[in-house]
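Thanks for making the time this morning. I would like to walk through one model with you, starting from a single residue and working outwards, so please have the sequence and the structure open as I go.

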Amino acid sequence: MSNNKFVLVPVELLKNLKELSKGTEYEDEVRKVLDSREAIENHDITKLPKSAVVKKVIDGDTVVLFNGLVLRYVGMTAPEEGESFEKESTEANRELVEGKEIKLEYDNYKSDKFGRILAYPIINNKNISVELVRKGMAELVIYQKRKPFIHQVQLLEAQEQAKKQKLGIWKNNN
C-alpha cells in the first residue's frame with residue numbers, strides 16, 4: 001500500500017508550475033489537469049470525460065482518475081475518516097472500481113466547490129453510487145433547494161433496502 005496522500009492544489013499554483021514542469025516527467029500530467037480544470041470551471045460537459053480508468057480510491061465516495069481528475073460520486077455520501085464503517089466503505093468502493101474503466105454519467109451539477117467532477121460511476125450498466133448505498137456503505141443525500149438527482153428514486157429504494165436488512169451503516173440503527 002502506498003503512503004501517497006491526496007492533496008488539493010490551487011489551480012493558480014498549477015498554472016505557475018506549468019512552465020517549471022516543461023521537459024520533466026510531470027509536464028503531461030500538469031497539462032492534463034489544467035485542461036480538465038478549464039472544462040470543469042466552465043461546466044463544459046462536452047469536454048468532461050465520458051469514461052476513465054480509476055487510478056486510486058480515496059474513500060467510499062471519491063476516486064482519482066488516471067487523467068488526474070478527482071471524481072466525487074453523485075447522490076450519496078460515504079462515512080468520512082474516523083467515522084464508523086469508513087474503512088469498510090472505502091474497501092467496498094475499491095473492490096468495485098479501482099483499476100477499472102468506468103463510464104461517467106453526469107447529473108444536474110457537474111462539479112463542486114473543491115473542483116471535483118460530480119458524476120455517477122457506471123460499470124457494466126451498474127450504477128456504483130446505487131450499489132454502495134444498497135450495501136449500506138453510503139447514504140442518500142437530498143438537497144432541499146436543488147433539483148432532484150436523476151437517480152434519486154433508485155438511491156432511495158437502495159437505501160430503504162439496506163436499512164431493512166440492517167446492512168453496513170444501518171447495522172445498529174433501529
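**From one buried valine outwards**

Let me begin with V74, which counts as buried because its relative accessibility is 3%, and let me say at once that what we are looking at is a predicted model. V74 is found in the loop between β3 and β4, the latter being residues 76-77. Leaving aside residues up to four places away in sequence, V74 touches D107, L118, A119, Y120, S129, F149 and L155. There is also Y109, which lies 35 residues from V74 along the chain, with the two C-alpha atoms separated by 8.7 Å.

One of those contacts of V74 is L155, and that takes us to helix α5, where L155 is among the buried residues, together with Q152, A158, Q159 and A162. These buried residues cover an arc of only 125° around the axis, and therefore they sit on the same side of α5. As background, an α-helix has 3.6 residues a turn, so residues three or four places apart point the same way. The face of α5 turned away from this buried side carries the exposed residues V153, E157 and K164. What do the buried residues of α5 pack against? Their partners are β6, residues 117-123, then α4, residues 128-134, and β8, residues 139-140.

As a check on the geometry of α5, which runs over residues 152-164, its 13 residues should span 18 Å at 1.5 Å a residue, and since the end C-alpha atoms are 18 Å apart, the two values agree. After α5 comes K166, which has a positive phi, near 50°.

Helix α3 can be read in the same order. Its buried residues are E86, S89, T90, A92, N93, L96 and V97, and because they cover an arc of only 160° around the axis, they too are placed on the same side of their helix, α3. On the face turned away from that buried side we find the exposed residues K87 and E95. The buried residues of α3 pack against several strands, namely β1 (51-59), β2 (62-65), β3 (70-73), β5 (101-105) and β6, and also against helix α4. For the 12 residues of α3, residues 86-97, the expected span at 1.5 Å a residue is 16 Å, whereas the end C-alpha atoms are 17 Å apart, which agrees. α3 is followed by G99, where phi is again positive, near 80°.

Now to the charged pairs. Side chains of opposite charge can pair when their charged atoms come close, and a search of the whole structure finds five salt bridges, of which I will describe some. In one of them D61 pairs with R72, with 3.4 Å between the closest N and O atoms. This pair links distant parts of the chain, since D61 is in the loop between β1 and β2 while R72 is in strand β3, 11 residues apart. Are the two partners buried or exposed? Both D61 and R72 are buried.

A second pair brings us back to α3, where the side chains of R94 and E91 meet in a salt bridge at 3.0 Å, N to O. Both residues lie in helix α3, three residues apart, about one turn of the helix. R94 counts as partly exposed because its relative accessible area is 22%, and E91 is likewise partly exposed, at 34% relative accessibility.

In helix α4, R134 forms a salt bridge with E131, and the closest N and O atoms are 3.3 Å apart. Because these two residues are three apart in α4, about one helical turn separates them. Their exposure can be set side by side: R134 is partly exposed, with a relative accessible area of 30%, while E131 counts as buried at 12% relative accessibility, the limit for buried being under 20%. Beyond single pairs, salt bridges that share partners join E91, R94 and E98 into one network.

Finally, let me turn to the surface, where L13, L17 and L20 form a nonpolar patch with about 290 Å² of accessible area together. L17 has its place in helix α1, residues 11-21, and at 33% relative accessibility L17 counts as partly exposed.

Notes
Residues are numbered from 1 along each chain as its sequence is written. This is a predicted model: local features need pLDDT of at least 70, side-chain atom pairs count only at pLDDT 80 or more; totals for chains, interfaces and linings use all residues. Side-chain values use heavy atoms; hydrogens and water are left out. Patches are made of residues with over 30% relative accessible area and no salt bridge: like charges are joined within 9 Å, nonpolar side chains (Val, Leu, Ile, Met, Phe, Trp, Tyr) within 5 Å. Accessible areas come from the Shrake-Rupley method with a 1.4 Å probe; for residues, only the protein chains shown count as cover. A salt bridge is a side-chain nitrogen of Lys or Arg within 4 Å of a carboxyl oxygen of Asp or Glu. Helices (H or I, at least four residues) and strands (E, at least two) are DSSP runs, numbered from the N terminus. Buried means under 20% relative accessible area, exposed over 50%, partly exposed in between (1.4 Å probe, protein chains only). The expected span of a helix is 1.5 Å times one less than its number of residues. The arc is that of the directions from the helix axis to the C-beta atoms. Contact means heavy atoms within 4.5 Å.
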